[in-house]
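User: Please take a close look at the nonpolar core and at the parts around it, and walk me through them in one connected account. I would like each term to be given with its cut-offs.

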Amino acid sequence: MKVKNYLMERIAQGTLHMALLDPDKLNPADAAKIALQSKKAGSDAIMVGGSTGITEKNLDATAKAIKEATGLPVILFPGGPHTLSKEFDAIYFMSMVNSRKLELVIGAQVMTSLKIRSMGVEPISMGYIIVEPGMKVGEVGDAAAIPRDDLALAQSYALACEYLGMNFVYLEAGSGADRPVPKSMVRAVKEVLSVPLIVGGGIRTAEAAEGIREAGADIIVTGTLMEQTTDGSVLSAVIKAAKGKTQS
Ligand code: 1GP
């Protein structure tokens, strides 16, 4: 089954959780170990990506190791046009729609579309919207980050992505953000959006995950948590809260 269809079917049943693993911070064996732990706690898919230190070699090895260990769909969350790998089940074919850099809005996509086609990796189109604080990705991407209280601007960007035909919209507060995207913003965007909404950045507690789920996120992404938590029960509690399942 195509990854997009797999996700859509699962979203119809409730909120999903995806673990984001960074091959620059984790070797393939450790990434596979964490991915398996996440799967056991309920993760629906694994995303792989990072902003620096990504090579085709570490992407290939990480994707293979995760697939072998978990059997879950592995989705490439690309940091740029030079970090692609044929070992993935899918790639977010994404546009950072509030970047001031044209190359991030459409240039990198033009540069890579034919290569992705020839690699046979499923593209999943996604509108990527940076929300304050935006962190490293907002800085590197020269994003005009959405102010945390500008709900109408967030709605406008999200709906523009949907009207342009994008299949998913991602509200990103930035990896390691001190606070996730505000619940009020998630709720406001969900109100106008028909395509699934992904929310990530700064989600490290069960309480935060639960709040974002209740506000209407269809997919909750956690990255930093996966790398920093040695306590498996914390990881499991956050994943279960993201999915609305009670901790057993
Ligand atoms: C970053 O949204 C993701 O792209 C995850 O952020 O590392 O803060 O969980 P965290």
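Analyst: Of the 79 residues in the largest nonpolar core, Leu7 and Tyr92 touch the most other members, a nonpolar core being a set of buried Ala, Val, Leu, Ile, Met, Phe, Trp, Tyr and Cys residues joined through side-chain atoms within 4.5 Å. The model is predicted, so that local features need pLDDT of at least 70 and side-chain atom pairs count only at pLDDT 80 or more, while totals for chains, interfaces and linings use all residues. Residues are numbered from 1 along each chain as its sequence is written, and side-chain values use heavy atoms, with hydrogens and water left out.

Once neighbours within four places in sequence are set aside, Tyr92 is in contact (heavy atoms within 4.5 Å) with Met18, Met47, Ile75, Leu76, Phe77, Pro78, Ile124, Met126 and Ile198. In soluble globular proteins, nonpolar side chains tend to be buried together. Met126 also appears among the partners of Ser95, which touches Leu104, Val105, Gln109, Met126, Gly127, Tyr128 and Met166 when residues up to four places away in sequence are not counted. Ser95 lies in strand β4, residues 90-96, where helices (H or I, at least four residues) and strands (E, at least two) are DSSP runs numbered from the N terminus. With a relative accessible area of 6%, Ser95 is buried; the classes are buried under 20%, exposed over 50% and partly exposed in between, for a 1.4 Å probe and protein chains only.

Ser43 is another buried serine, at 3% relative accessibility, and its place is the loop between α2 and β2 (45-48). Beyond four places in sequence, the contacts of Ser43 are His17, Ala19, Ser38, Leu72 and Ile239. His82, by contrast, is 39 residues from Ser43 in sequence and 28 Å from Ser43 in space, C-alpha to C-alpha.

Two of those partners, Ser38 and Ile239, lead to the packing of α2 with helix α10 (residues 232-243), whose axes are 9 Å apart at an angle of about 50°. Axes are lines fitted to C-alpha atoms, for helices over the stretch in contact, and angles run from 0 to 180 degrees between N-to-C directions. The two helices α2 and α10 are therefore oblique to each other, given that angles under 35 degrees count as roughly parallel, over 145 as roughly antiparallel, 65 to 115 as roughly perpendicular and the rest as oblique. Their crossing is right-handed: a crossing is right-handed if the near helix is turned clockwise from the far one by less than a right angle, and left-handed if anticlockwise. Gln37, Ser38 and Ala41 of α2 meet Gly232, Leu235, Ser236, Ile239 and Lys240 of α10, and these residues divide into three nonpolar, four polar and one charged. Here Ala, Val, Leu, Ile, Met, Phe, Trp, Tyr, Cys and Pro count as nonpolar, Asp, Glu, Lys and Arg as charged, and the others, Gly among them, as polar.

Helix α2 (residues 28-41) also packs with helix α3 (residues 56-70), the axes coming within 8 Å and crossing at roughly 35°, again in a right-handed crossing. This contact joins Pro28, Ala31, Ala32, Ala35, Leu36 and Lys39 of α2 to Ala61, Thr62, Ala65, Ile66, Ala69 and Thr70 of α3, and it comprises nine nonpolar, two polar and one charged residue. In the loop between β1 (16-21) and α2 sits Asp24, which is partly exposed at 39% relative accessibility and touches Thr52, Gly53 and Ile54, leaving aside residues up to four places away.

A further helix pair is α6 (residues 151-163) with α7 (residues 183-192), whose axes come within 9 Å and cross at roughly 40°, which makes α6 oblique to α7. Here too the crossing is right-handed. Leu151, Ala154, Gln155, Ala158, Leu159 and Glu162 in α6 meet Ser184, Met185, Ala188, Val189, Glu191 and Val192 in α7, a contact of eight nonpolar, two polar and two charged residues.

Some backbone details remain. The peptide bond from Glu132 to Pro133 is cis, with omega near 10°, and Pro133 belongs to the loop between β5 (122-130) and α5 (135-140). Met135, in helix α5, has a positive phi near 50° without being a glycine, and its relative accessible area of 30% makes it partly exposed. Asp142, in the loop between α5 and α6, likewise has a positive phi, about 45°, although it is not a glycine, and Asp142 is partly exposed at 32%.
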